Structures are given as C-alpha cells and as structure tokens.
Amino acid sequence: MSGGRADRPAGRPAEIMLVLPDAQTVRARLYERQEAGDGAQWRYLIGVPSWVTTREGVEAAEYSVWVTAAQLRPVSGVDLSSVVTYRLPAQTPAVDSGWAVGPGERRGQSVVHDIVCRNAPPLASELTTLEALDALERPGARACDVCDAAAILLPALELGSR
C-alpha cells in the first residue's frame with residue numbers, strides 16, 4: 001500500500017473503473033500501461049483507494065496492483081493519452097533456421113550443424129530438428145561445437161533416451 005509513491009513514472013494518471021470479481025466497479029487511478037506480449041496483451045498499473053488503520057485512527061491510502069484489460073472499464077470523457085505507456089520494441093520474427101549434415105574428419109563420420117554455421121556445407125539440404133536428432137543417432141555422427149548444434153541438440157537427444 002502506498003499513498004504518494006516516489007517510484008511512479010512521470011505522467012498524469014487517469015481515472016478508470018476497476019471491475020471486481022463480483023462485478024462491482026470501483027473508481028481507480030490508471031498510472032501506467034505496459035505491452036506484455038505480442039501487442040495484443042497489455043497490463044495496467046492502477047491505484048485503488050483504500051483505508052489503513054494507524055495508531056492515530058484510520059487514514060486514506062492507495063493499494064497499487066497490476067491488472068489486465070478485462071478488469072478495467074473506461075470512464076466516459078476521460079482522456080488516457082497522458083498515462084505513461086511502454087510498448088515493447090519491434091522485434092524481427094524468430095527464424096527457425098534448421099540444421100544441416102556435413103562430412104566429418106574421417107570417412108563414415110558426419111557433423112550436424114546449424115544451417116547458418118560457418119562450417120555447414122554449402123548448399124546442404126535443410127533438416128528439421130527431428131531429422132537432425134535422427135542424424136546424430138547414426139554411428140560416427142557428432143554435433144558441431146562451433147555453432148549451437150551441440151548446445152541445443154545433445155540435451156534434446158539425452159532427454160529422448162531416458
């Protein structure tokens with residue numbers, strides 16, 4: 001609980017309605033909005049008025065809590081543009097680059113690489129993770145330790161053998 005918190009971000013809070021589990025609504029203050037996922041999910045820092053008991057009696061206080069959009073309703077005519085808003089930085093989509101198998105140091109040996117590894121054979125066919133794991137189970141096969149192949153595939157291979 002806090003009255004006036006010094007660690008709140010700059011900006012002006014706005015009034016908003018908090019919907020309680022029994023469908024009652026309580027007027028609250030919206031202090032901050034944060035994007036929490038792929039742009040569709042947000043969380044909201046609100047301050048809910050409350051009362052605390054002190055040695056001198058009872059005094060007004062505020063309970064701060066993070067809530068979801070489903071728990072809030074706008075107040076007609078209230079502008080939310082002054083509320084501090086944090087968006088996640090734009091991210092490039094993760095690329096599942098796949099895996100490649102190349103020759104080992106000796107005849108009959110093979111090495112599994114991340115397809116973008118500098119040691120991967122040029123023009124190699126791209127394998128899925130399951131195909132790469134199958135390739136590692138063949139006699140004479142090993143995972144490259146220059147790229148992420150050893151760090152990613154060997155633990156997965158161990159899990160499959162238990």
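This is a short walk through the strands, the helix and one charge–ring contact of the structure above.

The model is predicted, so local features need pLDDT of at least 70 and side-chain atom pairs count only at pLDDT 80 or more, while totals for chains, interfaces and linings use all residues. Residues are numbered from 1 along each chain as its sequence is written, and side-chain values use heavy atoms, with hydrogens and water left out.

Let us start with strand β2, residues 25–35. Strands here are DSSP runs of E with at least two residues, helices are runs of H or I with at least four, and both are numbered from the N terminus. Two strands pair if DSSP finds at least two bridges between them. β2 runs antiparallel to β1 (residues 14–19), and six bridges join the two. Along this pairing, Leu18 is found opposite Val26 in β2. The β1–β2 hairpin has five residues between its strands, and there Ala23 adopts a positive phi near 75 degrees.

β2 has further partners. Six bridges connect it, again antiparallel, to β3, which spans residues 42–54; here Arg33 has Tyr44 of β3 as its bridge partner. With β6 (residues 84–86), β2 runs parallel, joined by three bridges, and Gln34 is bridged to Tyr86 in β6.

Now move along the chain to an open sheet of three strands, ordered β7-β8-β9, with mixed pairing. Its edges are β7 (99–103) and β9 (141–143), each of which pairs on one side only. On average, neighbouring strands of this sheet are turned by 30 degrees against each other, direction ignored; axes are lines fitted to C-alpha atoms, for helices over the stretch in contact, and angles run from 0 to 180 degrees between N-to-C directions. Five bridges tie β7 to β8 (residues 110–114) in antiparallel fashion, and Gly102 lies opposite Val111 in β8. Helix α1 packs on the sheet, touching β7, β8 and β9, where contact means heavy atoms within 4.5 Å. The direction of α1 makes about 130 degrees with that of β9.

Which residues of α1 (residues 129–136) are buried? They are Ala132, Leu133, Ala135 and Leu136, with buried meaning under 20% relative accessible area (1.4 Å probe, protein chains only). These residues are on the same side of α1 because they cover an arc of only 160 degrees around the axis, the arc being that of the directions from the helix axis to the C-beta atoms.

Finally, look at Arg43: its charged end sits over the ring of Trp66, 4.4 Å from the ring centre. This label requires NZ of Lys or CZ of Arg within 6 Å of the ring centre and within 35 degrees of the ring normal.

Definitions and conventions. Buried < 20%, exposed > 50% of the residue type's maximum accessible area, 1.4 Å probe, protein only.
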